[in-house]
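Biologist: Before we discuss any details, could you put the sequence and the model in front of us?

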Amino acid sequence: MIDCIALTLTCVRVRIPLLAAYALASLQPRTSCAPLDNAADCSALLALYNATGSKLDWKVDGTTSMCSWSGVTCASARVKRLELTGNGLTGTIPPAMGSLSELAGLALDLNDISGSLPTQLGRLSSLKSLFLYFNDFSGTIPPQLALPSATYLSMGYNYLSGTIPSSLVQMPSL
């Protein structure tokens, strides 16, 4: 400390950047998964959280399981349903959503989500219902959305263009 008193200006110069860096780091949002969460499912949900403006009331600091987050329904630590209707979400659907391999229901309707529909949603082989109506999606409907288990697809009131892919029209379960 004696050196510090003699060189006050030097110490201040060194300490301020360190304190500023610490303060800035503590302000950065920390998003992580709880230890018992399925890593792939949690990563997909965190990608959605970050891509849609972080408006969800999820505690994403690694202390709370994703299965207790609002709108998330799990069974055996896997995400089965994601119901985020009317949450004021903006941004886009991240491709990582395609890794929710046991997802049976996805409701993102009545939000302000934009961009194209990611083709990776076609990997959701367990998906039975997909609600995307009243958003700002644009582009064409990817033919990969011909999901084998789907019984309900709702994509109206968006800015989608082109024709409905024949792969969707020919889905036996719709």
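Biologist: How many bridges join strand E6 to E8, and how do the two strands run?

Modeller: This is a predicted model, and what follows should be read with that in mind. Strand E6 covers residues 136-139, and one of its contacts with E8 pairs Ser 138 with Tyr 159. The two strands run parallel, and the number of bridges that join them is 2.

Biologist: Which strands stand at the edges of the open sheet?

Modeller: The sheet has 3 strands with parallel pairing, in the order E4-E6-E8. A strand with a single partner has one side left without a neighbour in the sheet, so the edges are held by E4 (114-115) and E8 (159-160).

Biologist: Is Cys 42, the disulfide partner of Cys 33, buried or exposed?

Modeller: The sulfur atoms of Cys 33 and Cys 42 lie 2.2 Å apart, and the link is left-handed, with -105 degrees about the S-S bond. Cys 33 has 25% relative accessibility and therefore counts as partly exposed. Since the relative accessibility of Cys 42 is 0%, and buried means under 20%, Cys 42 counts as buried.

Biologist: What is the pairing of the bonded cysteines when they are numbered in sequence order?

Modeller: The structure holds 2 disulfides, and besides the link of Cys 33 and Cys 42 there is one that joins Cys 67 to Cys 74, with an S to S distance of 2.3 Å. This link is left-handed, at -90 degrees about the S-S bond, and its ends are partly exposed, with 28% for Cys 67 and 22% for Cys 74. Numbered along the protein chain, the pairing is 1-2, 3-4.

Definitions and conventions. Residues are numbered from 1 along each chain as its sequence is written. This is a predicted model: local features need pLDDT of at least 70, side-chain atom pairs count only at pLDDT 80 or more; totals for chains, interfaces and linings use all residues. Side-chain values use heavy atoms; hydrogens and water are left out. Two strands pair if DSSP finds at least two bridges between them. Helices (H or I, at least four residues) and strands (E, at least two) are DSSP runs, numbered from the N terminus. A disulfide is a pair of cysteine sulfur atoms within 2.5 Å. Buried means under 20% relative accessible area, exposed over 50%, partly exposed in between (1.4 Å probe, protein chains only).
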